[in-house]
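Okay, thanks for making time, everyone. Let me put the structure up, and then I'll talk you through the inside, the sheet and one side chain.

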Amino acid sequence: VDSGDQSVYRYTLIGKTMTLAWSIASTDVSAGSVLRLAIPGSFTAAATIHGVHVASDAAGAAALATCRVVATTAYVELYPTPGTGGTWTITAGDNTSTIGQLTFEVS
């Protein structure tokens, strides 16, 4: 992600509960699989939690898609479709976006 593609990447931590918010627009995808956002602050997910974000894959229409953290990992997984089986389209066209917020327990 180029620095100009990320307009929001913020988190709030209350006790062991983190809420992470992001907005990434007009970016490229170099590998067609799951996109990952690092969990800030050297934290890891305490449990597997699923959520939704708005995704636009390679200039496609914006739609609700799945995001999740998996227990003991240090990243949020972003999928381009509902469920966890879809992969992002490889593109250099600055035409992929994701906006979301996920609340989860950290350790």
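**The core, the sheet and a threonine**

So, the largest nonpolar core here has 18 residues, and the ones with the most contacts inside it are W22, I39, V69, V76, L78, L102 and F104. Where does it come from? At least two residues of this core are supplied by each of β2 (17-29), β5 (63-69), β6 (75-78) and β7 (91-105). The largest share is from β2, with five residues. And before anyone asks, yes, this is a predicted model.

Take I39 from that list. Leaving out residues up to four places away in sequence, I39 touches Y9, M18, T44, A45, V69, T73, A74, Y75, V76 and F104. Two of those partners, V69 and V76, are also among the core residues with the most contacts, and F104 is another.

Okay, on to the sheet. As a reminder, sheet strands pair through backbone hydrogen bonds, and they can do that parallel or antiparallel. Which is it here? The pairing is antiparallel, in an open sheet of seven strands, and the order reads β1-β2-β7-β4-β5-β6-β3. At the edges you have β1 and β3 (35-38), each pairing on one side only. From one strand to the next, the twist averages 25 degrees.

Let me zoom in on two of the pairings. Strand β1, residues 6-14, goes with β2 over eight bridges, in the antiparallel sense. If you want a spot to click on, Y11 has L20 in β2 as its bridge partner. This hairpin has two residues between the strands, and G15 takes a positive phi there, near 65 degrees.

The other pairing is β5 with β6: they run antiparallel and are joined by three bridges. Here C67 has L78 in β6 as its bridge partner, and L78 is one of the core residues I listed at the start.

Last stop, T66, which sits in strand β5. Is T66 buried or exposed? It counts as buried, because its relative accessibility is 10% and the cut-off for buried is under 20%. What does its side chain do with its polar atom? A polar atom of the T66 side chain lies 2.6 Å from the backbone nitrogen of G83. G83 is also on the contact list: not counting residues up to four places away in sequence, T66 touches H50, G51, H53, E77, L78, Y79, T81, P82, G83 and T84. So there's L78 again, a neighbour of T66 by contact and the bridge partner of C67.

That's my tour, happy to rotate it for anyone.

Definitions and conventions. Residues numbered from 1 in each chain as written. Predicted model: local features only at pLDDT ≥ 70, side-chain atom pairs only at ≥ 80, totals over all residues. Heavy atoms only, no water. Core = buried A, V, L, I, M, F, W, Y, C linked by side-chain atoms within 4.5 Å. Buried < 20%, exposed > 50% of the residue type's maximum accessible area, 1.4 Å probe, protein only. Helix = DSSP H or I, 4+ residues; strand = E, 2+ residues; numbered from the N terminus. Contact = heavy atoms within 4.5 Å. Pairing = 2+ DSSP bridges. Axes fitted to C-alpha atoms, helices over the stretch in contact; angles between N-to-C directions. Polar contact = N/O pair within 3.5 Å; in protein donor to acceptor, adjacent residues only side chain to side chain.
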